[in-house]
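Please open the structure in your viewer and keep the selection tool at hand. The tour below proceeds by selections, each followed by a description of what is found there.

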Amino acid sequence: MHPRNVWHAMSGPGFLLSSWPWRSAGYLLTGAVTGAVTLVAIAATAAAGGVLALVLVGIPLLVLAALAGIPVAWVERHRMRLIDADPAVDPHRAPVAHGLWAWLTTRMREQATWRELGHALLFAVVLWPVDALVVAVALLCPLSVAATPLLMATVGGGREAKVLKQWTVTTWPAASGVAVLGVALLLLGGYALGVAAGAQAGLTRLLIAPREAELGTRVVELTRSRLRLVDAFEAERRRIERDLHDGAQQRLVGLTMTLGLARLDAPPGPVADQLAKAQEEADEVLAELRELIRGIHPKVLSDHGLPAAVADAADRSAIPVDVALALSGRLPQAVEAAGYFVVREALTNVARHSGASRAEVSGGHRDGRLFLQVRDNGRGGADVGAGTGLTGLADRVSALDGRISLSSPPGGPTLLRVEIPCVRTDRSA
């Protein structure tokens with residue numbers, strides 16, 4: 001498994017032989033350069049804006065200085081990829097309108113803008129000198145010490161070499177010993193580079209890409225992917241229903257008609273009896289297939305919408321059901337399907353388990369939400385999590401950001417409520 005970041009890499013073997021120490025050094029080195037440029041740019045812009053503010057020309061420069069954290073944060077999010085494979089999320093939201101003024105007002109009102117400005121100031125004043133110091137101490141100094149024999153052979157003419165310009169080495173054994181020390185320091189410096197780079201990247205992520213922004217983005221993406229799965233599931237159900245309706249069902253109808261014609265042509269006797277029996281079985285299979293098709297995705301739901309589909313389910317219920325749905329127009333297909341199957345499963349449970357003599361389905365669309373209620377006068381005591389068949393439907397409704405609640409005290413009545421946020425659509429019935 002490839003390490004996701006420098007901390008993960010340091011926790012496993014082979015860190016010093018990998019590219020991570022050099023990536024850490026590159027992160028710190030580019031940070032030193034970027035920080036120095038940031039310091040000069042912010043200082044120059046703020047100073048010029050302060051001097052020219054009296055004649056109003058400096059006000060745009062002061063605004064530009066206040067927004068300096070945005071490009072610095074953008075660079076940091078890209079630099080962070082050197083030592084962290086998880087991308088830092090951009091916390092800024094899109095302006096509500098086009099144009100420079102809308103962008104400017106949006107950015108000035110965001111907390112992220114001021115957090116990024118604080119990071120830019122910290123980066124320009126404190127962090128980049130630390131980066132430069134760590135690179136010098138953990139990388140450049142050990143390299144210089146390890147190169148002592150090379151310096152003695154070239155610059156020192158084979159007679160002497162200055163070690164970090166502090167002490168002089170005049171013999172080859174001493175130069176070799178210093179080189180071994182330099183290699184050991186270089187190995188330790190690799191870990192020092194990793195620790196410094198990881199710590200600064202963590203601080204930077206905390207300031208310019210807070211955890212709540214990443215979690216919010218992931219929640220949005222998970223919600224969108226869940227809705228895409230629901231839509232794909234409904235499209236597949238409709239395809240299966242269409243294939244069965246236009247394919248297998250039509251062939252069974254043709255088979256039934258053929259058996260009926262053969263039965264009329266056959267003389268009375270065992271053959272006619274067998275044909276009659278075959279026709280009856282074909283009729284039963286056709287009836288079961290139609291019920292299966294209706295259970296997968298009823299055609300009345302696709303053609304006429306949720307009220308007609310609920311009325312059809314009520315007509316086929318084993319107990320009398322009163323329907324009072326105040327719905328005009330159509331709703332999104334996934335919402336209609338979820339609402340229908342919840343009602344159908346609820347009516348099935350009422351007929352099988354409640355002992356009720358009557359049920360009622362009511363609801364409507366208001367305040368941007370679909371409301372459905374299924375009430376019965378049965379014995380009560382139902383539990384949505386006790387194998388009533390509604391658990392999977394509750395998950396399906398929650399995928400649409402909806403919710404199901406069940407009230408079923410012992411002795412009844414039982415009331416199932418469904419609430420799904422949605423808007424009416426103008427698709428034709």
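Two strands are said to pair if DSSP finds at least two bridges between them. The model shown here is a predicted one.

**First stop: a pair of strands.** Select residues 369-376, which form strand β5, together with residues 414-421, which form strand β7. These two strands run antiparallel and are joined by eight bridges. Within this selection, display phenylalanine 371: opposite this residue stands glutamate 419 of β7.

**Second stop: the whole sheet.** Now extend the selection to the sheet, which is open and consists of five strands. In what order do the strands of this sheet lie? The order is β3-β4-β5-β7-β6, and the pairing is mixed. In general, strands of a sheet pair through backbone hydrogen bonds, either parallel or antiparallel. Colour residues 321-326 and 403-407 to mark the edge strands, β3 and β6 respectively, each of which pairs on one side only. On average, neighbouring strands of the sheet are turned by 10 degrees against each other, if direction is ignored.

**Third stop: helices on the sheet.** Select residues 306-315, helix α12, which packs on the sheet and touches β3, β4 (359-366) and β5. The direction of α12 makes about 175 degrees with that of β3. Next, add residues 333-354, helix α13. This helix lies across β3, β4, β5, β6 and β7, and runs at about 10 degrees to β5.

Keep both helices in view. The axes of α12 and α13 are 10 Å apart, and the helices pack at an angle of about 15 degrees. Angles under 35 degrees count as roughly parallel, and α12 and α13 are therefore roughly parallel to each other. The crossing of α12 past α13 is right-handed. To see the contact, show the side chains of Leu306, Ala309, Val310, Ala313 and Ala314 in α12, and of Glu336, Gly339, Tyr340, Val343 and Leu347 in α13. Of these contact residues, eight are nonpolar, one is polar and one is charged.

**Last stop: another helix pair.** Select residues 20-52, helix α2, and residues 172-208, helix α8. How do the axes of these helices cross? They come within 8 Å and cross at roughly 55 degrees, which means that α2 is oblique to α8. Here α2 passes α8 in a left-handed crossing. The contact residues include Pro21 and Tyr27 of α2, and Gly190 and Leu193 of α8. The full contact of α2 with α8 comprises eight nonpolar residues, five polar residues and no charged ones.

Conventions
Residues numbered from 1 in each chain as written. Predicted model: local features only at pLDDT ≥ 70, side-chain atom pairs only at ≥ 80, totals over all residues. Heavy atoms only, no water. Helix = DSSP H or I, 4+ residues; strand = E, 2+ residues; numbered from the N terminus. Axes fitted to C-alpha atoms, helices over the stretch in contact; angles between N-to-C directions. Contact = heavy atoms within 4.5 Å. Parallel < 35°, antiparallel > 145°, perpendicular 65-115°, else oblique. Left-handed = near helix turned anticlockwise from the far one by under 90°. Nonpolar A, V, L, I, M, F, W, Y, C, P; charged D, E, K, R; others polar.
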